[in-house]
Amino acid sequence: LRFPHLLLYSFEDNLAPTVQWLRDFGMDDLEVKKVIEQFPQLFGLSLDDNLKPKVQWLMDLGMGELQVKKVIAQYPQVLGLSLEKNLKPTVQWFQDLGLDDSR
């Protein structure tokens, strides 16, 4: 087993719902596998308190579902970052510099 710490997570409470959420978001099995390999800590994050709000926040920034899916597939660690302490201040900093999605 490549990630033995995954055995500590509940199948019914963590593993299955998280994988299903990724699939429902449009990821195929290969993308799901890649996300898990790159960021197995994903299973320790709450769907309702962490994952869904972050995806909603990204979409509220103007990203479409396909763009958000691409971000998660390529950089799943973004889901482990704090919204309040990292993501929001970083985006605000870029906006303050005059950088936005049009550049």
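Leu99 turns up in the segment after α5 (83-96). In this predicted model, Leu99 comes out as partly exposed, since its relative accessible area is 39% and the partly exposed class runs between 20% and 50%. Leu99 doesn't sit on the surface by itself: with Trp93, Phe94 and Leu97 it makes up a nonpolar patch, and the four together offer about 410 Å² of accessible area.

Helix α5 also has a partner in helix α3 (residues 47-60), with the two axes coming within 12 Å and crossing at roughly 10°. That angle makes α3 roughly parallel to α5, as anything under 35 degrees gets that label. On the α3 side, the contacts come from Pro53, Lys54 and Trp57, which meet Leu83, Leu87, Lys88 and Val91 of α5.

Lys88 has a second job to report, this time within its own helix. Its salt bridge is with Glu84, and the closest N and O atoms lie 2.8 Å apart. Glu84 and Lys88 are separated by about one helical turn, because they are four residues apart in helix α5. As for cover, Glu84 counts as exposed at 53% relative accessibility, while Lys88 is partly exposed at 33%.

The other helix pair is set up at a steeper angle to report: helix α2 (residues 29-38) and helix α4 (residues 65-74) have axes that come within 8 Å and cross at roughly 50°. α2 and α4 are therefore oblique to each other. Here Glu31, Lys34, Val35 and Gln38 of α2 meet Lys69, Ile72, Ala73 and Gln74 of α4.

Two of those contact residues carry opposite charges. Side chains of opposite charge can pair when their charged atoms come close. Lys69 and Glu31 do form a salt bridge, with 3.6 Å between the closest N and O atoms. This pair ties together distant parts of the chain, as Lys69 belongs to helix α4 and Glu31 to helix α2, 38 residues apart. Lys69 counts as buried, because its relative accessibility is 16% and the buried class ends at 20%. Glu31, at 22%, counts as partly exposed.

Across the whole structure, the search finds five salt bridges. Another of them joins Asp29 to Arg23, whose closest N and O atoms are 3.1 Å apart. Arg23 counts as partly exposed, with a relative accessibility of 39%.

Conventions:
Residues numbered from 1 in each chain as written. Predicted model: local features only at pLDDT ≥ 70, side-chain atom pairs only at ≥ 80, totals over all residues. Heavy atoms only, no water. Patch = residues over 30% accessible without salt bridge, like charges linked within 9 Å, V, L, I, M, F, W, Y side chains within 5 Å. Areas by Shrake-Rupley, 256 points an atom, 1.4 Å probe, with all protein chains shown as cover. Salt bridge = Lys/Arg side-chain N within 4 Å of Asp/Glu carboxyl O. Helix = DSSP H or I, 4+ residues; strand = E, 2+ residues; numbered from the N terminus. Buried < 20%, exposed > 50% of the residue type's maximum accessible area, 1.4 Å probe, protein only. Axes fitted to C-alpha atoms, helices over the stretch in contact; angles between N-to-C directions. Parallel < 35°, antiparallel > 145°, perpendicular 65-115°, else oblique. Contact = heavy atoms within 4.5 Å.
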